[in-house]
Amino acid sequence: MPRSRPLGELMETYGDLVAAEDVLLFVNAAITSTGQREFHADAGQQSLSLDFLHHYMLGNYRDLYAATLALGINDHNAAAIVLRLLETAKDATPEQRRAEGRLIARALRELPPPRVYRLFGTLRRAGINNRRTRAIMRDWLAARPDPAFDAVKYRSAFKAAARHAHLRLDDLHRRDGYDGYDGRDSRDGADRFGGELGPFLFEPHARRTFRTPIFETWRRAHYERASVYELPYTVAEGFAARHGIDRAVFLERIAPRLTRLERLRLQKAAHEAGATAVQADQGELESMPLTRLASYMLSLSLDDRVRRRAELTGALRAAALRVAGEQAGRWGRVAAVLDDSFSSFGSGEKRRRPLAVALACHFLLEALAGHYTPLWLSGRGDALLTYPLGATPLGERILDALDLGPDRLVIVSDGWDNAPAGLAGEVLRVWATRLNPDGRTSAVHLNPVYDADDFDVRRLAPSVPTAGIRDAEDLPALVELAQFAQGRTGLAELRAHLAVRVARFLEPDAPEEVS
């Protein structure tokens, strides 16, 4: 008769499993939830549920909480983690502060600049102004490729950050240079703004002229229309309204200054205004991130999608192949159940986001698989013409997918199985216990929607691992992470996985941060 394990050992093992489940629960929330309204929950429910998880993780697993910055969580939660780590720095050990400093520095480099400037504003309003916070703000601002550009585009936020961090503005050098800049990274004054950054931010109208070109362009744009078109779009738009410039004329002339994302966002407005120069070309579409490109495609009318079928399909497949990389064609036979039910519309704040994730996953799985079969809940066969409609008959489509005998089954859905309710879970339970006990077919459920009531993404069956997904680009990594969600893997294995992801995230050249 086998010897029973000591109670203390059993309790320790149980505690590790609970800790692993807590971490994965938070990761799923941090990947999918932004505190905004979803189809089944309002913004208040989402924010309250998410805020609780942040406090719980910070209080119980601080080191793991910081490590989740390396797991591809969304920008909203990355900024929230940085904020909470900085405001509770006194509770961390010196070793934790050093590790957190490197993760924070790297995370800020990954976040979009507007998000970072909003975070700095939150730090200022919260009165978080210790030496560590000032150093982090200073180093991020100093690492910006063009501080002068930032000073113009984000002028109010830049000024507030500089004041809060007690920043010596002359220490911020331009890397792409103004007239006379010799490219050196020195402190002798030759590579600075000639003392112009401070006056531009705090007393811009006290100078008759600036030597830094973009500062001078901004000054002249107050009275000269031609200078408006040499400024970043978001700045130029305000000056265009001030000068009463016709919208169509403005969009035509500002088109060369638009970023790739601005060009996509302005497609419809430019078409309505008659500004043809704003049209995105094939090269720009193919270089777009896959999920963002899927969102753009879904924003088009069905007629436009049909008219631009070759262009859109080519761009989506090129983006998918770029993400697949060396894994392209190596996943064997793959069957995917893809949710295009009415709830995939999302909400007013996240319009068609769940459907965009499913569409992007469709093209990525097509690139990864040796043989691929997509099964949309609506029964449609043309992914390009998909739109949110109907109930969520997950059980039926899962049966259809399993009949194909795939090597991998991937389900992309919010998990609200309702036609009939519960069928998907029962199908997966019987299949896992009776028909697939040896695991010949691997199955994973990827859920793009956070369920505020359960503090997690909605699951279909205990036998099938479930992971939250924000972007289809994260699909390969999430399939790997999902193995930890079955409750059979302990904290030690999860820590090892996190250590590998953190090492990849930091990279050898990541700057050492002040602790």
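The following exercises, each with a worked solution, concern helix packing and one β-sheet in a predicted model.

**Exercise 1.** Determine how helix H22 (residues 394-403) and helix H23 (residues 423-435) are oriented towards each other, and which residues make their contact.

*Solution.* Begin with the axes, which come within 7 Å of each other and cross at roughly 30°. Angles under 35 degrees count as roughly parallel, and H22 is therefore roughly parallel to H23. The handedness comes next: H22 passes H23 in a right-handed crossing. Finally, list the contact residues, where H22 contributes Leu 394, Gly 395, Glu 396, Ile 398, Leu 399 and Leu 402, while H23 contributes Leu 423, Ala 424, Val 427, Leu 428 and Trp 431. Sorted by character, the residues of this contact of H22 with H23 comprise nine nonpolar, one polar and one charged.

**Exercise 2.** Carry out the corresponding analysis for helix H18 (residues 290-299) and helix H20 (residues 309-324).

*Solution.* The axes of H18 and H20 are 9 Å apart, and the packing angle is about 160°. Since angles over 145 degrees count as roughly antiparallel, H18 and H20 are roughly antiparallel to each other. Their crossing is left-handed. On the H18 side the contact is made by Leu 290, Leu 293, Ala 294, Tyr 296 and Met 297, and on the H20 side by Leu 312, Ala 315, Leu 316, Ala 319, Ala 320 and Val 323. A classification of the residues in the contact of H18 with H20 gives 11 nonpolar, no polar and no charged.

**Exercise 3.** Describe how strand S1 (residues 333-338) is joined to strand S2 (residues 371-376), and trace the path of the chain from S1 to S2.

*Solution.* First consider the pairing: S1 and S2 run parallel and are joined by six bridges. Within this pairing, Ala 336 has Pro 374 in S2 as its bridge partner, and Val 337 stands opposite Leu 375 in S2. Then follow the chain, which leaves S1, passes through helix H21 (residues 353-368) and arrives at S2, forming a right-handed β-α-β crossover. As for its placement, H21 lies across S1, S2 and strand S3 (408-412), and runs at about 160° to S2.

**Exercise 4.** Place S1 and S2 within their sheet, and identify the edge strands.

*Solution.* The strand order of this open sheet of five strands is S2-S1-S3-S4-S7, and the pairing is parallel. The edges are formed by S2 and strand S7 (466-468), each of which pairs on one side only. To complete the description, neighbouring strands of the sheet are turned by 20° against each other on average, with direction ignored.

Note on methods: Residues numbered from 1 in each chain as written. Predicted model: local features only at pLDDT ≥ 70, side-chain atom pairs only at ≥ 80, totals over all residues. Heavy atoms only, no water. Axes fitted to C-alpha atoms, helices over the stretch in contact; angles between N-to-C directions. Helix = DSSP H or I, 4+ residues; strand = E, 2+ residues; numbered from the N terminus. Parallel < 35°, antiparallel > 145°, perpendicular 65-115°, else oblique. Left-handed = near helix turned anticlockwise from the far one by under 90°. Contact = heavy atoms within 4.5 Å. Nonpolar A, V, L, I, M, F, W, Y, C, P; charged D, E, K, R; others polar. Pairing = 2+ DSSP bridges. Right-handed = clockwise from strand over helix to strand, strands pointing away.
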